[in-house]
Amino acid sequence: MKAENGNAGVIISVRNLSNRFGTNAVHEDLDLDVYRGEILGVVGGSGTGKSVLMRSILGLRTPDGGTIEVLGVDGLARDDASRLHIERSTGVLFQDG
């Protein structure tokens with residue numbers, strides 16, 4: 001897969017992600033690329049948006065703005081084929097899950 005910036009091997013591409021709860025902005029214009037084979041840890045204090053980011057990438061939360069591509073599929077697509085591709089190709093374990 002080639003991401004919009006031409007980098008081969010990008011499996012997750014997030015551009016200009018915005019997540020808000022009321023007037024509280026959790027993410028504003030967040031960009032993130034995750035490459036095939038890369039191990040990435042997301043750390044931060046309680047309430048800093050780690051789970052909100054993961055839920056947005058996995059399609060469990062619709063962000064307020066931005067684009068997400070997961071394994072070559074529009075992560076915000078609501079059609080069954082796109083959702084099934086992402087769901088069958090990913091796995092997440094949240095702390096204390």
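Start by selecting helix α1 (residues 50–57): this helix lies across β1, β2 and β3 (65–70), and runs at about 120° to β1. Helices here are DSSP runs of H or I with at least four residues, strands are runs of E with at least two, and both are numbered from the N terminus. The angle is taken between N-to-C directions, from 0 to 180 degrees, with axes as lines fitted to C-alpha atoms, for helices over the stretch in contact; contact means heavy atoms within 4.5 Å.

Before you click further, some housekeeping. You're looking at a predicted model, where local features need pLDDT of at least 70 and side-chain atom pairs count only at pLDDT 80 or more, while totals for chains, interfaces and linings use all residues. Numbering goes from 1 along each chain as its sequence is written, and side-chain values use heavy atoms, leaving out hydrogens and water.

**Zoom out**

Colour by secondary structure and you should find 2 helices and 4 strands, in the pattern β-β-α-β-β-α along the sequence. Of the 97 residues in the protein, 33% are buried, meaning under 20% relative accessible area with a 1.4 Å probe and protein chains only; exposed is over 50%, and partly exposed is in between. Among contacts with a separation of 6 or more, 44% come from residues 24 or more positions apart.

**The sheet**

Now show just the strands. They make an open sheet of 4 in the order β2-β1-β3-β4, with antiparallel pairing. β2 (24–35) and β4 (73–74) each have a single partner strand, so they stand at the edges with one side lacking a neighbour in the sheet. Two strands count as paired if DSSP finds at least two bridges between them; β1 (residues 10–21) and β2 share 8, in the antiparallel sense.

Walk along that pair. S13 has D33 in β2 as its bridge partner, and N19 stands opposite H27 in β2. Keep going to the hairpin turn, where 2 residues sit between β1 and β2, and G22 has a positive phi of about 65°.

Glycine isn't the end of the positive phi story. Select N16 in strand β1: its phi is positive at about 55°, though it is not a glycine. N16 counts as partly exposed because its relative accessibility is 43%. Then hop over to D29 in strand β2, another residue other than glycine with a positive phi, near 60°.

**The pocket**

Next, switch on a surface and look for the largest pocket, with a volume of about 650 Å³. Its closest residues to the centre, out of 24 lining it, are L40, V42, M54, G91 and V92. A pocket here is an open set of points on a 1 Å grid over the protein atoms alone, where a 1.4 Å probe fits, with protein on both sides within 12 Å along at least five of seven lines; lining residues have an atom within 4 Å of a point. The volume is the space filled by probe spheres set on the points.

Which elements give two or more residues to this lining? They are β1, β2 and α1, and α1 gives the most, with 5 residues. The lining divides into 17 nonpolar, 5 polar and 2 charged residues.

Last stop: V42, in the loop between β2 and α1. V42 is partly exposed, at 42% relative accessibility. Draw a distance from its C-alpha to that of M54, 12 residues apart along the chain, and you'll get 9.4 Å.

Technical notes. Ala, Val, Leu, Ile, Met, Phe, Trp, Tyr, Cys and Pro count as nonpolar, Asp, Glu, Lys and Arg as charged, and the others, Gly among them, as polar.
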